[in-house]
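Reader: Hey, I've got a structure open and I'd like to talk it through with you. Can we start with the aromatics?

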Amino acid sequence: MDGAAWDRRNGKLTESTPKVLFTQLPVLHIFAINSIAPKDPKLYVCPIYKKPRRTDLTFITVVYLRTVLSPDHWILRGVALLCDIK
């Protein structure tokens with residue numbers, strides 16, 4: 001994860017530790033479902049990229065993460081999940 005940290009106890013996004021660029025997120029098991037239900041506006045829509053270079057070529061998908069702060073806070077911080085940091 002780039003730009004934030006993950007609180008394992010509460011299962012939510014938190015502020016990253018100073019001078020720590022990347023933190024690990026627990027393994028995500030992703031599967032597809034067909035749903036037209038509206039998403040909770042309190043969830044942060046976090047993009048997943050293959051590499052640190054964030055382009056449309058390295059974009060994979062988005063995941064919805066719980067957070068205490070507003071999702072706008074994490075958007076301004078540029079929080080994203082990276083599959084490879086090299």
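Author: Sure. First the rule: rings of Phe, Tyr and Trp (its six-membered ring) pair if their centres lie within 6.5 Å. Keep in mind that this is a predicted model.

Reader: OK, how many aromatic pairs does that rule give?

Author: The count is 1 aromatic pair. Its members are Tyr-49 and Phe-59, with 5.7 Å centre to centre and 70° between the planes.

Reader: What do you call that geometry, and where's the cut-off?

Author: The pair of Tyr-49 and Phe-59 is edge-to-face, the word used for planes over 60 degrees apart.

Reader: Which strands do the two rings sit in?

Author: Tyr-49 is in strand 3 and Phe-59 in strand 4, so the pair ties together parts that are 10 residues apart in sequence.

Reader: And are they buried or exposed?

Author: Tyr-49 counts as buried, because its relative accessibility is 13%. Phe-59 has 37%, so Phe-59 counts as partly exposed.

Reader: Switching to the sheet. What's the strand order?

Author: It's an open sheet of 3 strands in the order 4-3-5, with mixed pairing. Strand 4 and strand 5 (81-82) are at the edges with a single partner strand each, so one side of each has no neighbour in the sheet.

Reader: Which pairing is parallel and which antiparallel?

Author: Strand 3 pairs with strand 4 in the antiparallel sense, over 6 bridges. With strand 5, strand 3 pairs in the parallel sense, over 2 bridges.

Reader: Give me some bridge partners I can click on.

Author: Try Ile-48, whose bridge partner in strand 4 is Thr-61. Pro-47 has Val-62 as its bridge partner in strand 4. On the strand 5 side, Tyr-49 has Leu-82 as its bridge partner.

Reader: How much of strand 3 is buried?

Author: Strand 3 is mostly covered, with 5 of its 6 residues buried.

Reader: What about the largest nonpolar core, which residues touch the most other members?

Author: That core has 13 residues, and the ones touching the most other members are Met-1, Leu-13, Cys-46, Leu-65, Val-79 and Leu-81. Strand 3 (44-49) and strand 4 (59-65) each supply at least two of the core residues. The largest share, 3 residues, comes from strand 3.

Reader: Cys-46 catches my eye. What is it in contact with?

Author: Leaving aside neighbours within four places in sequence, Cys-46 is in contact with Thr-61, Val-62, Val-63, Leu-65, Val-79, Ala-80 and Leu-81. Cys-46 counts as buried, because its relative accessibility is 0%.

Reader: How many disulfides are there?

Author: The structure has 0 disulfides. For Cys-46, the nearest cysteine sulfur is that of Cys-83, 11 Å away.

Reader: Why is there no bond between Cys-83 and Cys-46?

Author: Because 11 Å between the sulfur of Cys-83 and that of Cys-46 is too far for a bond; the cut-off for a disulfide is sulfur atoms within 2.5 Å.

Reader: Is Cys-83 buried or exposed?

Author: Cys-83 counts as exposed, because its relative accessibility is 54%.

Reader: Back to Val-62 for a sec. What does it touch?

Author: Val-62, which lies in strand 4, touches Val-45, Cys-46 and Pro-47, not counting residues up to four places away in sequence. At 32% relative accessibility, Val-62 counts as partly exposed.

Reader: Any odd backbone angles?

Author: Have a look at Lys-19: it isn't a glycine, but its phi is positive, about 70°. Most residues other than glycine have a negative phi.

Reader: Where is Lys-19 found?

Author: Lys-19 is in the loop between strand 2 (12-14) and strand 3. Its relative accessibility is 87%, so Lys-19 counts as exposed.

Reader: Last one. What does UniProt list for residues 1-83?

Author: An unreviewed UniProt entry lists residues 1-83 as "domain: Dynein heavy chain C-terminal". In the model, that span is 8% helix and 25% strand, and its end C-alpha atoms lie 9 Å apart.

How values were computed:
Residues numbered from 1 in each chain as written. Predicted model: local features only at pLDDT ≥ 70, side-chain atom pairs only at ≥ 80, totals over all residues. Heavy atoms only, no water. Core = buried A, V, L, I, M, F, W, Y, C linked by side-chain atoms within 4.5 Å. Buried < 20%, exposed > 50% of the residue type's maximum accessible area, 1.4 Å probe, protein only. Helix = DSSP H or I, 4+ residues; strand = E, 2+ residues; numbered from the N terminus. Contact = heavy atoms within 4.5 Å. Pairing = 2+ DSSP bridges. Phe/Tyr/Trp six-rings, centres within 6.5 Å; stacked < 30°, edge-to-face > 60°. UniProt positions renumbered as here; feature names shortened; annotations may be inferred.
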